[in-house]
Structures are given as structure tokens and as C-alpha cells.
Amino acid sequence: MYKIIKYVLHDIFRNRILLAYVVLLSLSSFGLFMMNEDVSKGISSLLTVLLIVVPMVSILFTTIYFFNSYEFIELLVAQPLKRSNILLGVYSGVGLSLLAAFWVGIGLPIIIFDGTVVGWYFLLSGSLLTMIFVSLAFLASVLTRDKTRGIGISMLLWFYFTLIFDGILLMVLFAFSDYPLEKLTIFLSCLNPVDLARIMILLKMDISALMGYTGAVFNQFFGSSLGIVISISVMLIWVAVPIAIALRIFERKNL
Amino acid sequence: MIQIEGLQKRYGKIQALRGIDLTFNLGQVVALVGPNASGKTTLIKCLLGMVIPDGGKIIFDGNDIKGDVLYKRRIGYMPQIGRYPDNMRMGYLFGMMKDLGKTRVKELFDEELIVAFKLEEMFGKPMRALSGGTRQKVSAALSFLFDPEVIILDEPTAGLDPLASEILKQKIQKEKDAGKLILVTSHIMSELEEIADSIAYIVEGEAIFYKSIAEIKSESGEERLGRALFHLLHNLKCTR
């Protein structure tokens, strides 16, 4: 498996799209930090990049990369290698490179300009989000043989988690606003890793105005530290479950 | 060496394999022959664990291959269409395959075909820049690289130039004499006549006969393999 990771890394590090991603991230983070006098304002502006751009690039890049290396995967399957090792090898390779891109593009500026606890939480939730969307991308990719369809599924997932889900959540909250909804809200926000990432950072930043309803409920219910522990654990589940399902499907897939 | 028992595979509505029984032994060169889409490639992919069969089993050297991957150390495979990572250079590809299969060879890698096809001159080229024929040469060289006991060649000479296919045929003969089992699919009868000793004829996912070439010829009374097969199939159709 380590050899597979090595070859995937070798392949990805020469990839221009990944380079463009790093440049985009560093431009936006350096730009936002330099424009805002207040560092925490810079971070809250960067939050938008984190919650929208990072998931999108992670899921799309991974899906496209998976289908582009389909030949490589086929070649490996004919070799005496376990399918689970092959998929996990490619997964780790892609995940590591996207994490590296994230840490260079956003991590470095945050450590330079901010360096506070909030910054570290920002980086932690960004890393988790990256891995979650890489996992989801693998799930989308093994579901179909067709590249266009795979990318379609990935786009839908991204759309769902960044936009549609919040719309549904808002509708539910609005429709049942006469009832006590705290517990339901907590449960519902666990169903969306992007929400969890947002709540986690805002709990640390303590800007209640930006927290929104779900964040406020989290804060009230768990207090900030327990809330953070819970959101981190749920996010880890979000990393593990999609890739586990993808592995099960891939084991039985006809290539 | 390889026993296939009642192998079945269905893709959605299409029944690709309907219970195939075949046995292959070391020292044989078996040709899998049949119309397009008759299930030859599916059969090969089942042998390699790339396609998981729905029913039946494959015994490789006494062990069921289900859930096993180590048996593949003893198989070399040349796919019908060799597809490789686009950006990878040829030399790097060979280096990577050797690295991944380090423990598969006892002494030396079998690089005879790399030398005979003069692939080293093109080691610096990325795989996407290669012609179809050159890619076939790479596939062929890779399938023999680990000096495996079983070699599976899916339409090996399609797209190869006459010189290269002659080199490949000689290599097949040489490996056969060394006591290896070679499975080959092809549509070119004259070529199979040269290299193969038996023919398994597959139609719509069934092996309708499996005989040595000498038998086929004497039964039909024809000298040329193509005509002999035609006769045999015609007779089979009449008796059915």
C-alpha cells in the first residue's frame, strides 16, 4: 500500500490543477488577511472559502482524478495486490496531497498572521472537511463506471451539503417553530459536515451573531468544549463511513 | 494447473458466461476462440479476479482463487487494450511494475521482449504519446516480465507489426517449451495454428468444444485450421 501511495503522490504533485488550487487558496488567504486590519475578521471572511471552495475542490478533484487513473487502478487489480489496499492507497495519496495543498495555501498564512487557537481549529476543521469530501468522492466514483455520471453525483453531493441541506433545515425549523427543536436541530446538523465545521470554528471564535440558530443551540446545549469534541467525532465518522462503503462496493466491482 | 468449474457471470440482463467447464495444464498453449462478445475476455478477467463470477469456481494449482490474490504472482497478463497512466513515462512504468512485483521473480526479470522490441529507446516517452502498437509491445513485455508460470494473452498480435508479432510468437513458443501454460485469444486462425496446441471454442458464454488442433483437423478431414473449425461448427449445428 505504501508503494501505491508513493506512486500516486509522484503523479499528483506534478498536477497543474492542484497547483492552481494552492495558488487560489494562498491568494485568497493572503489577500483577506492583508485587506482586513483585524485578523479575526480575516478569518471569518476566509470561512466562506473554507466552507464552499475547499469541499468543492476536494470532491471534484478527487472524482476526476479517480476516473483519470482508472487505467492505473485496472493495471494494479491484475497484479497480486488486494483491492482494499489499492483503493486505500489511492485514497491516502489523493487525501494527503489535498491536505498538503490546504496546509500550504491556507495553513501557512493563518499560522503567520493569526497563530491563535481559533486558527488551529480553523485548520483542523478544514483538514477534516477535505478528508470528508475525498471520502464522498470515492463513494461517488465507485458507484458508476461513467466519468460524467461520477462527476455529476459528486457535484450533487457538494450542492446538497453546501446549499440544499441548509434550505431544508431552515424549512423544517420554520414549519415546526412552535415546538422545542433543540435536540432535533443538533441531530440534523450532525447530518451535515459543512455545518459542523462552521459551528466548530464559530464556537471557538465566540461570535454569536454569526453562529446562527444551529450554532447557538450547540453552544447552549454542550457549552463550547463538549460541542467541539462532539463535532470533531461526528466529522471523523463522516470521514470513515463513505470510504468504508466505497471499499465494500469496490471489492465486488467488475473492472 | 487451472480448473474452471461451472463458471457463470451475468452483467445486468446479459448472461456473459453460462457455466463454463475447462481444464488447462502446464506445457499447453490453449487458444480461446469464439465470436465477438462470446465471453472470452470475461472468462480471462474472472481468472484474474478483475471480474467476480456469480457462480462456479476457479481452482488454481489446487486452491480456489476466491478471496485470494497471491495466486496472481504466478500469472502474467496482456490485456486486449493496454491502458496506462497517461503522464507516466515508459521507463517509469517498467520501474514501477518491477518495484511492485519485486518478490515475484526468483532471480532475474525476464526482459527479453523489452530488448527484442527495442523499447528502451522509448523509455523517456510518456505513455499517452505512444502508438497503439507500441502500447501493445509494452503490454506484452510486462506480461512476461515476472517470468510467470501462466501467461494470459488477450488478442496479443492485434495491432502489432509483422516483425513484432513474429518476435512474440517465438517468445510464446519458447515459454511453452519451458513448460509454461499459455492462454491466448485471437481471431487469426493461421496464427493460432502456429502457436496453439488446443482450441476451446466459446459461443454465447458456453464452451461448445475443447479439442487439440490435431483432433480438429483429423475429425473434419481438412488441412487448414480455419476450414476445419468451420466444418466442425457446421456439423455441430446440424446435430443439435
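Is Glu204(B) buried, partly exposed or exposed, and how many C-beta neighbours does Glu204(B) have inside 10 Å? In this predicted model, the residue sits in the loop of chain B that runs between β9 (198-203) and β10 (206-212), and its phi is near 45 degrees, a positive value in a residue other than glycine. Glu204(B) has 15 C-beta neighbours inside 10 Å and therefore counts as partly exposed, since that class lies between the limit of 12 or fewer for exposed residues and the limit of 20 or more for buried ones.

A positive phi in a residue other than glycine is also found at Lys118(B), where the angle is near 55 degrees. Lys118(B) belongs to the loop that links α3 (112-116) to α4 (132-144) in chain B. Because 10 other C-beta atoms lie within 10 Å of Lys118(B), this residue is exposed, the limit for that class being 12 or fewer.

From these two loop positions we turn to the interface of the chains, where 18 residues of chain A are in contact with 17 residues of chain B. On the side of chain A that touches chain B, α1 (2-12) and α4 (70-77) of chain A each supply at least two residues, and α4(A) gives the most, with five residues. By residue class, that side of chain A comprises eight nonpolar, three polar and seven charged residues.

Notes:
Residues numbered from 1 in each chain as written. Chains lettered and ligands numbered in written order. Predicted model: local features only at pLDDT ≥ 70, side-chain atom pairs only at ≥ 80, totals over all residues. Contact = placed C-beta atoms within 7 Å. Helix = DSSP H or I, 4+ residues; strand = E, 2+ residues; numbered from the N terminus. Nonpolar A, V, L, I, M, F, W, Y, C, P; charged D, E, K, R; others polar.
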